[in-house]
Each structure stands twice: as C-alpha cells, then as structure tokens.
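Reader: I have just opened my first protein model and I feel a little lost. Could you show me how to read it, one feature at a time?

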Amino acid sequence: MNALVAELLEDHLAGRLPHAGQVQLAAVLAADPTLVAEVDAVVVAHQALTAWADRGAGERVARTVIGLRSSQRASGLFALTRAVRRRVAKPRQRQRRWWAVAAIAAVAAALLVGLLLPGSANLPSRDGQVLAAGSTVGSGLLSWPDGSIVTMAAGAQARVGHSDLRLELLAGQADCAIAPQSTGRFVIATTQGQVTVIGTRFRLLARPASTWLAVDEGRVALAGTTDRLEVAAGGIAMLDEDTAPRQLLPESATWSDARPVGLVMLAESGLEGSANPRGYGNELSWDVATPAGQAAVAGHIAERIDAATTRMKARGGQGLIVWDSEGRAGAGWNYHADPRLTQSAPEALPALDAAFARVRAAGLVPGVLVATSSSGLDGTSDLVERLRWARQRWGIGLAAINGAPQDVDLRLVAAAVPTIRLITVDGQPFARGAGYAYGSVNAEPPPPRSALLVRDSDDVAALAAALRAGALPLLSAWYDSPELDLFDRARARP
Amino acid sequence: MDTAAALDALARRAVSGDDQAFTALIVATQLEVRLFVSARVVSGELVEEVVQATFVTAFQRLATYTGPERLTSWLKGIAHNRLREELRHRRRQVDPGEEVLEDLLQRQRGDGGDEVGDGEHGARLLHCLGRLSPRARQVVERRYLEGHSLTVLAQQFKQSTGTLAVLLHRVRGELRRCLLSVGAES
C-alpha cells in the first residue's frame with residue numbers, strides 16, 4: 001500500500017476523511033480489489049486497538065443498558081433491544097464497509113460516497129431542518145444540537161460533514177461560535193487543511209490557494225498536510241498548499257530601503273475590442289492571436305523592462321515595479337492590479353517571465369502592482385494571494401498596493417509575504433515600519449517613510465530635502481522622462 | 001478471589017437488582033466482548049450495536065446464568081447469537097451488498113458455535129502488542145491511547161505523514177496476523 005492510500009485510509013479510520021478523499025479512496029479500492037482484503041484486516045485490528053484504548057466504553061454501555069431498565073418492564077426483549085438500537089444514534093465510530101462494495105460491485109464513486117455518509121449524529125440544522133451529510137450549503141446560519149453556530153458569509157459555500165468533521169468550507173468566510181465539546185471534536189476542513197476546536201469563536205476563510213483563521217476567543221488548531229499550529233485568541237494564521245500553517249505577526253514585518261524604485265507601464269487603455277485587447281504597446285495594429293502579434297508584444301515588453309532596468313541600475317535603484325503586467329481593461333477600470341491575469345495573456349506571459357528573470361539577473365528586485373476591492377480578512381487574503389502568485393512566478397520582492405479598503409490590515413499582508421517590500425500609493429498608511437506609503441513631495445518635511453512619486457514635483461530643492469529625510473523615490477523608468485533628470489539633480493544637491 | 005469468581009459475584013449482585021454491580025460487570029467485560037465481535041465484522045457501527053444488544057440480553061437473562069466462572073464465555077455466546085440475528089435482520093434491509101459481504105466475512109472467519117468462548121481476546125491483544133517493536137508500540141500508543149493525529153505523530157517522530165500512515169498500516173496488519181496466529185495456537 002502506498003503512502004497516499006495509507007494516509008487516506010488513516011484519515012478515514014480517524015473519521016476525518018473529507019468528501020474528496022472518500023471519492024479518491026473509493027476509486028483506488030475499486031480499481032484494485034486485492035486491497036480490500038488488506039483493508040479489512042487493518043480495520044479489524046484498528047477496531048481492536050480502538051476498543052483497547054477506549055477506557056470509557058464500559059461506562060457508556062452500562063449507562064445505556066441501565067437507563068433502559070424501565071423499558072424492560074414495559075416491553076419484551078425484542079422491543080428493548082430495538083430501543084437500544086435506536087439509542088445508538090451516536091456510536092463512537094461509524095464505519096461502513098463501503099470499500100468492499102466498491103471492489104466487488106465496482107459501482108460508481110458517487111454511490112460509495114452515499115454509503116460513507118452515516119446517520120444524523122452531529123448534523124447541523126438550517127431553518128429548522130436537519131441537513132443531510134454531504135449536502136452543500138451557501139450563505140446563512142447553521143446550528144448544531146450542542147448550540148454551536150456557524151454563520152456563512154455572502155458567497156461562502158460549504159459541504160455538510162459527518163462525525164467529528166462537521167463542515168467542509170469550500171469557499172468564502174464562515175464566522176464560527178462553537179460550544180464547548182464535552183466529547184469528540186468539532187472539525188472544519190478546507191482544501192488546504194482543517195481546524196479543530198474545543199469551544200471558541202473564530203473566523204475561517206477558504207480561498208482557492210489559502211486558508212485563513214482569525215481566532216476571537218479560545219484556542220483553535222490549524223492543521224495542514226504535515227504540520228499543526230495552535231492559534232490563541234487575537235491570533236491570525238494562514239495556510240497554503242506549499243507551506244506549513246503559520247501565525248501572522250504584524251509587528252514582525254518591517255523593511256527600510258530608500259534607494260529609488262523604477263515604475264514601468266506596458267499598456268494603455270482604450271484598445272478593448274481590438275485584436276490587442278489588453279493594450280500592450282498601445283498598438284491597434286497588433287493581433288495578439290497571431291504569432292506575429294505575440295512576437296510584437298513580447299518585443300515591446302522586453303524593450304521597456306530592459307530599458308528601465310538600465311536606467312535604474314544607473315541610478316543605484318533597488319528594483320522595478322511593473323504597473324500593469326496583465327495589461328489594461330476598459331475605460332474606467334484601467335488597472336486590474338491582478339498579475340495572475342497574465343495567465344490568460346499568452347502574448348505577454350513568456351516575455352514577462354524572461355524579462356523579470358533579466359531584472360533579477362541585473363541585481364534589481366522585480367515587483368508588481370496589486371489592489372483589492374474586498375474588505376476585512378477577505379481583502380487581506382486577496383492581496384496576499386495575488387502577491388504570492390507573482391512571487392512564485394517571477395520572484396518578486398517589491399509591490400505597490402494601489403487600492404484596498406481601510407479595514408484591510410496591510411501589516412498582516414506584509415507579515416504574510418515578508419520577503420516582499422510593500423509600498424502603498426493610495427494614501428493608506430503602514431504602521432510600525434511595515435512599508436512605505438505615498439507622501440507628497442512638496443510636504444515640508446515629508447512624513448516618515450514616505451514613498452514619493454517624483455513626477456508630482458518640479459521643485460529640485462523640495463525633492464532633495466525629501467530625499468535627505470529618507471523618502472523613497474518612485475521614478476517613471478519606462479521612458480526617458482524628465483523626472484529622471486529631476487531626480488539626478490536633486491540627489492546631486494549638497 | 002480471582003477474576004472469574006469476582007465476575008460471578010457481580011452477576012449475583014446484579015440479579016438481585018444492584019445496578020452498580022451490573023455496571024461494574026459491563027465495565028469489566030465489555031472489552032472482551034467487543035474484541036470478540038470486532039474479530040468477526042468489519043463495520044464499527046455493527047460492532048457497537050452488537051455489543052450494546054449483548055448486554056441488554058445479558059441484563060434480561062442474567063438469572064439464567066449458572067456459572068461457575070464462565071461469565072465471559074456466556075456473554076460471548078450471547079454476542080455470537082446477537083451478531084447472527086443482526087446480520088439476518090440487516091440482510092432484509094436496503095443495503096444488501098454490504099451485509100451479504102459482512103455475513104460472508106463472518107463465515108469465512110469460522111464463526112461457529114464451538115468458537116464461542118475461544119480464549120481471552122484482551123490477553124491476546126496485549127500479547128500481540130508486546131511483540132511489536134518498541135517504536136511501533138510507541139506509535140500505536142500515541143495514536144490510540146493519547147489520540148494524536150497523524151500530523152502530530154509526524155512531528156513527534158520526525159517522519160512524513162505518509163511514512164507514518166504506512167507504518168500504522170503495517171502495524172495493524174502485523175497485529176491482525178498475530179491475533180489470528182495466537183487464536184490458532186490456543
């Protein structure tokens with residue numbers, strides 16, 4: 001048995017194999033009936049070990065049987081034992097021998113999943129109706145018999161679990177108020193991992209590439225594939241597919257480097273509907289569906305980024321931020337501020353891959369622009385996923401944030417991507433040195449840790465003063481702009 | 001007083017209406033009954049149900065227990081009959097594939113009346129656990145007695161979860177073989 005199947009089986013025996021895993025395990029066993037006998041033997045041994053380890057089983061059985069003493073007087077033996085059967089609505093571990101059905105009948109995975117879903121124990125209700133295990137729910141309030149409540153936010157989606165696994169959060173945010181668990185556990189799974197709680201309040205957010213946990217009361221365990229992290233009240237942790245769960249410590253994020261940063265624009269708005277819809281090079285004549293058009297875009301991107309690299313190297317710059325790597329959208333929504341969109345821009349992605357590599361090879365730090373319209377934890381995680389994608393793809397170490405609601409904690413973003421130096425250019429400040437924020441060149445003196453758009457000024461003396469005060473200059477580097485000369489003169493002033 | 005005699009004493013007190021004695025009797029014997037049933041069926045749900053039904057029946061018929069010093073075997077006899085009844089009952093239900101397989105499995109395991117009372121299942125298990133390597137035994141104890149997840153075990157033993165899952169799988173296989181071989185010896 002290979003490790004993957006063994007892990008799936010282990011999770012099943014522990015009662016926490018999510019729906020997708022059940023389907024996967026059923027498929028493996030259906031494809032290899034010889035495994036079924038092996039699994040049978042293992043399950044028998046597992047049951048023996050579970051019985052051996054369960055010190056409270058005797059008392060439980062005794063309570064049930066003794067409690068039915070009055071029923072014994074009122075009914076015959078058959079009725080009494082049936083009453084016990086009805087009482088055993090919450091067995092310690094309900095396991096159906098579904099894999100045998102899979103192997104022998106080779107039935108569809110969906111049928112097997114149906115067999116896997118046990119009775120009504122630990123199922124939530126909604127609007128007074130008990131939900132079936134395996135059913136999918138959207139936004140709204142779910143409640144459990146023990147008083148636990150989960151509020152699914154707008155756009156959230158979850159699948160009802162069974163046994164200790166109460167819920168699989170498929171997408172969106174769930175605000176959870178979990179009652180103290182005297183027996184068993186309360187587990188909510190996401191794509192990347194799961195949280196286990198004893199009794200607490202927390203928020204859980206499932207995103208395509210990450211899981212986020214904010215604990216308001218008590219302690220919650222966040223487990224990934226290989227690691228587990230306990231998060232206390234006030235803590236926020238994240239988990240993705242590549243790393244272990246980790247707590248975000250906003251105070252830990254800080255950086256300080258006032259060497260100039262170059263900005264690069266690659267596209268222009270207004271070309272939507274043309275054969276160059278993302279507006280690279282502002283050329284209506286390019287048809288990016290053709291090899292010639294793609295070559296033209298690639299040449300344009302390489303030329304601009306390489307030229308900017310040269311200009312910033314000459315000025316001792318620390319890096320380059322490409323403002324619109326994914327091109328432009330229609331009028332009124334000029335920047336996507338989502339570099340992940342280059343995945344669907346075949347005319348640009350290969351050229352960007354190569355150009356960013358040359359930026360790094362030149363000793364500069366590549367960067368991108370990001371923004372979000374989501375608020376709270378959702379907005380925080382949205383920014384982080386955009387940044388992490390660009391870091392993984394291009395190795396970025398710089399980023400400009402050009403728009404985020406005020407309740408998005410940029411310090412958390414900085415803590416989540418500590419290797420990326422963040423600059424806000426929409427006025428939202430950073431605290432405790434987590435990044436540089438836009439400040440006016442003409443402010444006297446400029447606020448500490450200001451990032452200055454040099455093009456906003458034509459006053460050499462004011463710019464020189466700002467630079468001496470430690471401001472970080474942002475230079476339009478994609479062409480020979482006048483501000484480059486202004487910067488050179490300001491820096492040359494004594 | 002040895003264990004069997006002590007169980008008989010509890011049975012006598014339970015017959016006279018002493019609920020505490022019956023509770024103590026269940027606590028003392030349920031593992032043996034549970035292991036007996038677990039060795040014959042794969043479904044954990046069925047094991048739980050048969051164990052419960054066994055003690056309900058015992059509660060009803062305790063006055064017919066004549067002893068001496070064979071209470072555990074007497075309980076296993078009840079468990080055996082309840083298991084057969086339950087399988088027969090389930091065969092009529094809507095889940096024919098599973099229950100037929102369960103029944104077949106039980107028959108393959110030679111579940112005849114003469115096997116009832118076939119030694120001490122708890123002692124067998126302890127014997128087989130004692131034959132595991134110290135590391136394997138430690139993994140089993142942390143998994144079952146301490147209830148640690150695979151993830152935590154992976155941290156504690158500095159192994160991947162996959163490696164530990166395979167280890168646990170093999171250990172359970174060894175235990176199963178050991179339990180069968182010890183049963184054959186006895």
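Author: We will go from the chains to the sheets and then to single residues. Keep in mind throughout that this is a predicted model.

Reader: Let's begin with the whole chains. How many helices and strands does chain A have?

Author: Chain A holds 14 helices and 23 strands. Chain B, by contrast, has nine helices and zero strands, so its elements read α-α-α-α-α-α-α-α-α from the N terminus on.

Reader: What share of the residues is buried in chain A, and what share in chain B?

Author: In chain A, buried residues are 55% of the 494 residues. In chain B they are 55% of the 186 residues. You can also ask how far apart in sequence the touching residues are. Take contacts between residues at least 6 apart: in chain A, 54% of them join residues at least 24 apart. For chain B that figure is 63%.

Reader: Now the strands. What holds a sheet together?

Author: Strands of a sheet pair through backbone hydrogen bonds, and the pairing can be parallel or antiparallel. Chain A shows both kinds. For the parallel kind, follow E16-E17-E18-E19-E20-E21-E22-E23, a closed barrel of eight strands. Neighbouring strands there are turned by 25° against each other on average, with direction ignored.

Reader: Which strand pairs with E16 of chain A over three bridges?

Author: Strand E23 (residues 472-476) of chain A does, pairing in the parallel sense with E16 (residues 261-264). To find the spot, look for A:Gly262, which stands opposite A:Leu475 in E23(A). Helix H11 (residues 376-394) of chain A packs on the sheet and touches E18, E19 and E20, with its direction at about 150° to that of E18(A). Helix H10 of chain A lies across E17 and E18, running at about 130° to E18(A).

Reader: And where do I see the antiparallel kind?

Author: Look at E10(A), which pairs with strand E7 (residues 165-178) in the antiparallel sense over seven bridges. One bridge partner to find is A:Arg203 in E10(A), which goes with A:Asp175. E10(A) is also joined to E11(A) by six bridges, again antiparallel. There, A:Leu205 has A:Trp212 in E11(A) as its bridge partner. A hairpin of three residues connects E10(A) to E11(A). E10(A) is mostly covered, with five of its seven residues buried.

Reader: Is A:Arg207, in the loop between E10 and E11 of chain A, buried or exposed?

Author: A:Arg207 is buried: its relative accessible area is 13%, and the cut-off for buried is under 20%. Its side chain makes a polar contact with the side chain of A:Glu385 at 3.4 Å. Beyond its neighbours within four places in sequence, A:Arg207 touches several residues, including A:Gln192, A:Trp212, A:Asp378 and A:Asp382.

Reader: I keep hearing about phi angles. What is the usual sign?

Author: Most residues other than glycine have a negative phi. A:Ala337 has a positive phi, near 55°. A:Ala337 sits in the loop between strand E17 (319-322) and helix H10 (349-361) of chain A, and A:Ala337 is buried at 2% relative accessible area. A:Arg449 also has a positive phi, near 55°. A:Arg449 lies in the loop between E21 (435-438) and E22 (450-453) of chain A and counts as partly exposed, at 25% relative accessibility.

Reader: Last one: how do I describe two helices that meet across the chains?

Author: Start with their axes. Those of helix H3 (residues 34-53) of chain A and helix H2 (residues 19-38) of chain B come within 9 Å and cross at roughly 175°. That makes H3(A) roughly antiparallel to H2(B), because angles over 145 degrees count that way.

Reader: Which residues of H3(A) and H2(B) meet?

Author: On the H3(A) side they are A:Val44, A:Gln47, A:Ala48, A:Ala51 and A:Trp52, and on the H2(B) side B:Leu31, B:Arg34, B:Leu35 and B:Ser38. By kind, the residues of this contact divide into six nonpolar, two polar and one charged.

Definitions and conventions. Residues are numbered from 1 along each chain as its sequence is written. Chains are lettered from A and ligands numbered from 1 in the order in which they are written. This is a predicted model: local features need pLDDT of at least 70, side-chain atom pairs count only at pLDDT 80 or more; totals for chains, interfaces and linings use all residues. Side-chain values use heavy atoms; hydrogens and water are left out. Helices (H or I, at least four residues) and strands (E, at least two) are DSSP runs, numbered from the N terminus. Buried means under 20% relative accessible area, exposed over 50%, partly exposed in between (1.4 Å probe, protein chains only). Axes are lines fitted to C-alpha atoms, for helices over the stretch in contact, and angles run from 0 to 180 degrees between N-to-C directions. Angles under 35 degrees count as roughly parallel, over 145 as roughly antiparallel, 65 to 115 as roughly perpendicular and the rest as oblique. Contact means heavy atoms within 4.5 Å. Ala, Val, Leu, Ile, Met, Phe, Trp, Tyr, Cys and Pro count as nonpolar, Asp, Glu, Lys and Arg as charged, and the others, Gly among them, as polar. A polar contact is a pair of N or O atoms within 3.5 Å; within protein, one must be able to donate a hydrogen and the other to accept it, and residues adjacent in sequence count only if both atoms are side-chain atoms. Two strands pair if DSSP finds at least two bridges between them.
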